[in-house]
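Here are my notes for someone opening this one for the first time. Have the viewer ready and follow along point by point.

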Amino acid sequence: MMITVKPVDVYDKEGNLTHIEFIDVTEDKFHFQSMWDPRDEQTAENRKTFREWSVLMAKQLGFDVLL
């Protein structure tokens with residue numbers, strides 16, 4: 001049975017994206033996170049690319065991702 005997760009953006013106090021947590025939608029349980037590379041500039045395009053990559057990784061790990 002495939003686990004469905006939802007991605008949740010996590011920001012630091014300066015408003016920079018630090019990581020994305022993937023939470024089970026039925027059990028509200030944390031499964032994994034993808035970490036932002038602090039060397040990458042915090043632009044809208046970079047954040048979009050990071051979110052897309054994170055979702056792709058979740059799917060490759062066998063999760064269904066609720067967007």
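1. Start at alanine 58, which touches Phe22, Phe32, Phe63 and Val65, leaving aside residues up to four places away in sequence. Keep in mind throughout that this is a predicted model. Alanine 58 sits in α1 and is buried there.

2. What does alanine 58 belong to? The largest nonpolar core has 11 residues in all: Val5, Leu17, Ile20, Phe22, Phe32, Trp36, Phe50, Val55, Ala58, Phe63 and Val65. At least two of these core residues come from β2, and at least two from α1. As general background, nonpolar side chains tend to be buried together in soluble globular proteins.

3. Now look at the rings. Four aromatic pairs turn up when the whole structure is searched. In one of them, phenylalanine 32 and phenylalanine 63, the ring centres are 5.1 Å apart and the planes sit at 40°, so this pair counts as tilted. The two partners are 31 residues apart: phenylalanine 32 lies in strand β3 (residues 30-35), while phenylalanine 63 is in the loop between α1 (44-60) and β4 (64-65). Phenylalanine 32 and phenylalanine 63 are both buried. Add Phe22 to Phe32 and Phe63 and you have one aromatic cluster.

4. A second pair worth a look is tryptophan 36 with phenylalanine 50. Their ring centres are 5.2 Å apart with planes at 80°, so they meet edge-to-face. Again distant parts of the chain are linked, since tryptophan 36 is in the loop between β3 and α1 and phenylalanine 50 is in helix α1, 14 residues apart. Tryptophan 36 has 7% relative accessibility, so it counts as buried. Phenylalanine 50, at 10%, counts as buried too.

5. Which residues of α1 are buried? They are Arg47, Phe50, Ser54, Val55 and Ala58. Because they cover an arc of only 135° around the axis, they fall on the same side of α1. That buried set packs against β1 (4-11), β2 (17-24), β3 and β4. Turn to the face pointing away from the buried side and you'll find the exposed residues Glu45 and Gln60.

6. A quick sanity check on the helix: with 17 residues at 1.5 Å a residue, α1 should span 24 Å, and its end C-alpha atoms are 24 Å apart, so the two agree. After α1 comes glycine 62, with a positive phi near 95°.

7. On to the strands. β1 and β2 run antiparallel and are joined by seven bridges. One example to click on is lysine 6, whose bridge partner in β2 is isoleucine 23. The hairpin of β1 and β2 has five residues between the strands, and glycine 15 there takes a positive phi near 90°.

8. β2 and β3 also run antiparallel, with five bridges between them. Here glutamate 21 has glutamine 33 as its bridge partner in β3. This hairpin has five residues between the strands as well, and aspartate 28 takes a positive phi near 50°.

9. One last stop: is β2 mostly covered or mostly open? It is mostly covered, with six of its eight residues buried. Two of the strand's residues have already come up by name: Phe22 is in the aromatic cluster, and isoleucine 23 is the bridge partner of lysine 6.

How values were computed
Residues numbered from 1 in each chain as written. Predicted model: local features only at pLDDT ≥ 70, side-chain atom pairs only at ≥ 80, totals over all residues. Heavy atoms only, no water. Phe/Tyr/Trp six-rings, centres within 6.5 Å; stacked < 30°, edge-to-face > 60°. Helix = DSSP H or I, 4+ residues; strand = E, 2+ residues; numbered from the N terminus. Buried < 20%, exposed > 50% of the residue type's maximum accessible area, 1.4 Å probe, protein only. Expected span 1.5 Å × (residues − 1). Arc of directions from axis to C-beta. Contact = heavy atoms within 4.5 Å. Pairing = 2+ DSSP bridges. Core = buried A, V, L, I, M, F, W, Y, C linked by side-chain atoms within 4.5 Å.
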